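Me: I would like to learn how to read strand order and cysteine pairing in a model. Please take me through a case.

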Amino acid sequence: MASNKLLMLSVVAICLPAMAMATDYLVGDDSGWTINFDYQAWAKDKVFYVGDKFMFQYPKGYHNVFKVNGTAFKNCDIPPANQALSSGNDTVVLNTPGRKWYICGVSNHCSTYAQKLFITVQYQYGWAPAPTPQILQVSQPWAPTPAPTPSSPSTPAPTPSVPDTIVTNPWASSPILSSPPLPTPIAPSWPPAPSLPTTLAPTLERWAPTTLSVPETTVTDPWAPAPAPLAPSPISSPPSLPTPTAPSWTSAPSPYPWI
């Protein structure tokens, strides 16, 4: 009993701060929910948590609010009219985390005038709760087999006979099979080869050194006197030349008679 009260107090202590920190947002601020307004720029700097509230304010009858999925948001597909919020002062509580899409389904306000809003909702403390672990029932292959319930005595089933297995020695050498005898080859009969004449190899004489005969030379005494020089042959006298005679010239008359 005491443990249950402690559990309830713990849940209240966790939930109260989250409820106290919830924020109310007026979509579009002073502009409200209308056409020709950039709602993505309005939501860009804001962080939305589970428990926050969105308030769509607009003139009743001029607009409405549809919660759609991502595909309908992109294509501006309008859901059935009975799913619309059309009070002019609609409040949407963000109860779950994730992506949220909202559009206006009046005329072409979504496709032409961009009257639509996309946000992402986070958990209050930034973490999603861990999923509940699933208990898997795994049968133990080593569990003992339960004993059979005793029943009335009956004839026991015959034990199957197992044929005897002859185990041979794997290392024993296998018997060698005798091969059939091979036929004896018969040598072919070839005509006898002609006999070649027998020639004796020339006998080589043993080599002996050859004695060279050197002519004898007479060595003269280098200190003997040289032989006497040959006497000059007598020179015969030259023949006598004839004596030249002076020419006889006649005297010419003198050009100077006074001489």
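Reply: What follows goes through the sheet and then the cysteines of this predicted model.

Me: In what order do the strands of the open sheet lie?

Reply: Strand order is read across the sheet, not along the chain. Here four strands form an open sheet in the order β2-β7-β6-β4, and the pairing is mixed.

Me: Which strands stand at the edges?

Reply: β2 (48-49) and β4 (66-68) do; each has a single partner strand, so one side of each lacks a neighbour in the sheet. For β4, the pairing with β6 (residues 98-103) is antiparallel and runs over three bridges. One residue pair to look up is Phe66 with its bridge partner in β6, Ile103.

Me: Now the cysteines. How many disulfides does the count come to?

Reply: The test is whether two cysteine sulfur atoms lie within 2.5 Å. The count comes to one disulfide: the sulfur atoms of Cys76 and Cys110 are 2.1 Å apart. The torsion about their S-S bond is about -75°, so this disulfide is left-handed.

Me: Which parts does the pair tie together?

Reply: Cys76 sits in the loop between α3 (70-75) and β5 (89-93), and Cys110 in the loop between β6 and β7 (116-122), so the disulfide links parts 34 residues apart in sequence. Both Cys76 and Cys110 are buried.

Me: Why is Cys104 too far for a bond?

Reply: The closest cysteine sulfur to that of Cys104 belongs to Cys110 and is 8.1 Å away, whereas a disulfide needs the sulfur atoms within 2.5 Å. Cys104 is buried, with a relative accessible area of 0%.

Methods: Residues are numbered from 1 along each chain as its sequence is written. This is a predicted model: local features need pLDDT of at least 70, side-chain atom pairs count only at pLDDT 80 or more; totals for chains, interfaces and linings use all residues. Side-chain values use heavy atoms; hydrogens and water are left out. Two strands pair if DSSP finds at least two bridges between them. Helices (H or I, at least four residues) and strands (E, at least two) are DSSP runs, numbered from the N terminus. Buried means under 20% relative accessible area, exposed over 50%, partly exposed in between (1.4 Å probe, protein chains only).
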